[in-house]
Every structure is written in structure tokens, then in C-alpha cells.
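Biologist: Please take a close look at one part of this model, the place where the chains touch, and then follow chain A inward from there. A connected account would help.

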Amino acid sequence: MSKIYDVIVLGAGPAGLTAGLYAGRARLSTLIIEKGQDGGQIAITNEIENYPGAQLEGESGPSLIARMTKQAEKFGAERARDSIKSVELTGDVKKLVGTKGEYYAKTVILATGAFPRPIGCKNEGKFVGKGISFCATCDAAFFEGMEVYVVGGGDAAVEEAMYLTKFARKVTIIHRRNELRAAKSIQEKAFKNEKLHFMWDTVVDEVDGDEILTKMVVKNVKTGELTTIEADEDDGMFGLFGFIGLLPNTALYEGQVNMENGYIPTDDNMHTNLDGVYAAGDLRVKSLRQVVTAAADGAIAAMQAEKYIADHKE
Amino acid sequence: MLEVDKNTFEAEVLQAPGKVLVDFYGDGCVPCAALMPYVHGYAETYGDKLKFCALNTTKARRLAISQKVLGLPVIAIYENGEMIDSLVKDDATPENVENMIKKHIG
């Protein structure tokens, strides 16, 4: 059997990297496993205004995450790039099976976060990457000088819509309610932005096009009225960006870890229903999913893992 | 890994003999930057069996759109001037890219 780590952290977003930092500082042998790029949701976030201290000139999600990664590694957390396919989270030694190998640990911190919730319209899958996007920093440039629609009304939707106005000719926020849910400070900026328009009480019903997105049908949720929106003839296409919250990345733990609608309930100390298994960050049942709460979860989970290991020493 | 642009894409990709892999990326695209080292690694490993190219779409927006590339990253395989296979966005993981390469050189 290969090495048994004190702690394995699944996911290298703010929760996982903070857990790695605290576990490393506690001198626990620590491995952080990430399947893609570090950062999770914030890796594709352009502006970070509400994480304390993140006020450096040009601070972005990726720059903040790069510093978190460096800090975790400085205190000895090891890293693995692997996609975990199955887990055995019960028993004294937990086993994780990835495509590159098997990993063992006394404790596991689940910090695999969440992924963008689909827009939920007909034909959506056919047009992701062909006009539909969930990553403004990735795809904004394709819509330079064109029209873009943003679905959502929270902080992320409004902030990303403002970012998109730097590229697009016109950006329209499609929101199912008649007022935004975004923080007032963000709303103030949004209403001053002349390129930003609003379509209230509206949802996207269907998207269409010949290979690329050129047409959509929106529905007024109060009147039921359907309206077809077509791409400007000169443009030949438009962009549709979705920022309507997240879905938890927890399918891997089903049947072992208790869940509520896919999210993992914990106590105040991040304990799941399984001994030595903790949950931290966006995948938890919680009221506020932000970098700052993810980091806090990660710190608490790592300290609980340390306590568990100390209590279980023979 | 051959860096192509809007002027060389035609000759190096569309008119090239055999199969060609194209890594479509863009400035400020974090997932693209994260994927790229893996693609460079595969170019080292499989470069004798498959031609590897990269295109910065930020500098070739119209060309990318003409190839129906509107979301990044995209790793695509071309043959006889046509895109015959592609991995888009979340599907473009290092693992899937390597499997696609193996499929086309096998």
C-alpha cells in the first residue's frame, strides 16, 4: 500500500487551499488533489472586491488563487493532478481512486465546490461554446462590438455583465425578477453604465441557430408572453452568458456522505456524517458562498482533522 | 508546437497534409493557460505522428468564429481542411485531449 496521508484535500479552490495551508502549518502530511486548474469558481472571476485584503492593483481571481497556492505549498502541502473516480470514505483509512493512482488518508476534506448552474433552456447543450458561455474572461473577446445577453441578477451576473460591456456593443441582463439581488454598491455602478440594459421578469425559454447561436426565445414570467430575439444581421451571432448560481460537485460522494439537494450538511466544525470526513466551501449547506466563507471553512476543517488525528493516535 | 495566426492558419492547418491538432486559446482565458502545458507535453510525446498548432484567438477573432469557435478552450483535430473532432470547454481536460490524440494517431 502506498503512503497514508494525515489529510487529503479534494479540490484546490479557496476552501481546499486554505485547508492545505492550515494542515501544512499543523505539520500534518497533506495532499491536495485537483483535477483541473486551481481556483475553481474564482479562477474565472475577473473582479474580487469582497475578500478582505484583496485590494491590490489589478487583483483578479487567478492572481488571488496563485498567492493562495504558493502559501499552501510553502507550508508543505503536496499536490497531485488527478481526477478521482471513486471514494471509500468509511473506516480508519480512507481510499480515493483516481485515473493516475490510488490515494490513502486518515482524514479527508471534501472541497470540490460547485459548477455553474445551466441556464435551463431548450437546446442549451448544443450551444455551449457556440454562443453560450459561463466564463466571461474566457469568451468576452469573441463578442467585441456585438450584442450580449447575461442571465441572472446576483453579484456575479451584474459584475460579469459590466465586464462584458468593455467588449460588447450592448449588454442586456435578463432577470426573472423585477429587481436585482446584487449588492447595492454593484447595482449603483450597473445603473450608471450606459451600455447595460435590463429585461425584467424574463427567462430564456429556447435557443437556436445553425451551429452557432443566432436566435433565442425569451418568456415573460408574469404574462407568459414569448418574444423571439434574433442576431443583428451584420453581426450574425450574439452571446448568452449564464450566471445564475451554482450546483454542488458532490456526485462522487453519493451513498456515503449525507446530502440535502446535493449539498453536504455539516455541523459548525465542518463534520459530515462520517468520522474523519469534513466538508468545506461551496458544496456545504450554507447561507453565503463566497471566497471568505470558503477559506474559513477550510481552516476549521483542517483544525478538526488535526484534532481527530491526535485523538486517534495509539 | 507551431504558433499559427490568421495569415498562416490556411497553409499550416487547412492545406496541411494529414491530421493537425489545433489548440485554440485566448488572452485572459485561465482554463486555456492551465491546459496548455499538457498540450505542449503531448506535442513532445506525439509530435512525430501528429502536427501540433496553437492559435491565439484574441488576435484572430474572425478566423475563430469562421471555425465555429466561440468558447474557449477548444482542442480540435483537422483533416483535409475540416474540423473532424473537437473538445470544447469543460470537456477539454488533459485526459480527454490525450485520448482524442491517441484515437487519431491509432
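**Chain A, from the contact inward**

Modeller: In this predicted model, the contact draws 20 residues from chain A and 19 residues from chain B. On the side of chain A that touches chain B, helix H4 (residues 136–139) of chain A supplies the largest share, three residues. Sorted by class, that side of chain A holds eight nonpolar, eight polar and four charged residues.

Next, the division of the chain. Chain A splits into domain 1 (4–116 + 246–311) and domain 2 (124–242). Taken over C-alpha atoms, the centres of domain 1 of chain A and domain 2 of chain A are separated by 32 Å. Where these two domains of chain A meet, four residues of domain 1 are in contact with eight residues of domain 2. The side of domain 1 of chain A that touches domain 2 of chain A consists of two nonpolar residues, one polar and one charged.

The interior comes next. The largest nonpolar core has 127 residues, and those that touch the most other members are A:Val7, A:Ile8, A:Ala19, A:Ile109, A:Leu110, A:Val150 and A:Ala280. Helix H7 (residues 291–311) of chain A gives the largest share of this core, seven residues. Because domain 1 (4–116 + 246–311) and domain 2 (124–242) of chain A both contribute residues to this core, it lies between them. In soluble globular proteins, nonpolar side chains tend to be buried together.

One of the core residues named above is A:Val150. With neighbours within four places in sequence left aside, A:Val150 is in contact with A:Ala157, A:Glu160, A:Ala161, A:Leu164, A:Val171, A:Ile173, A:Ile174, A:Phe241 and A:Phe243. By class, A:Glu160 counts as charged.

That leaves a sheet in chain A. Three strands form an open sheet in the order E12-E13-E14 (chain A), and the pairing is antiparallel. Strand E12 (202–208) and strand E14 (226–230) of chain A are the edge strands, each pairing on one side only. On average, neighbouring strands of this sheet are turned by 25 degrees against each other, direction ignored. Five bridges join strand E13 (residues 215–220) of chain A to E14(A) in the antiparallel sense. Within the sheet, A:Lys219 stands opposite A:Leu226 in E14(A).

Terms used. Residues numbered from 1 in each chain as written. Chains lettered and ligands numbered in written order. Predicted model: local features only at pLDDT ≥ 70, side-chain atom pairs only at ≥ 80, totals over all residues. Contact = placed C-beta atoms within 7 Å. Helix = DSSP H or I, 4+ residues; strand = E, 2+ residues; numbered from the N terminus. Pairing = 2+ DSSP bridges. Axes fitted to C-alpha atoms, helices over the stretch in contact; angles between N-to-C directions. Domains from an automatic or database assignment. Core = buried A, V, L, I, M, F, W, Y, C linked by C-beta atoms within 7 Å. Buried ≥ 20, exposed ≤ 12 C-beta atoms within 10 Å, placed from the backbone.
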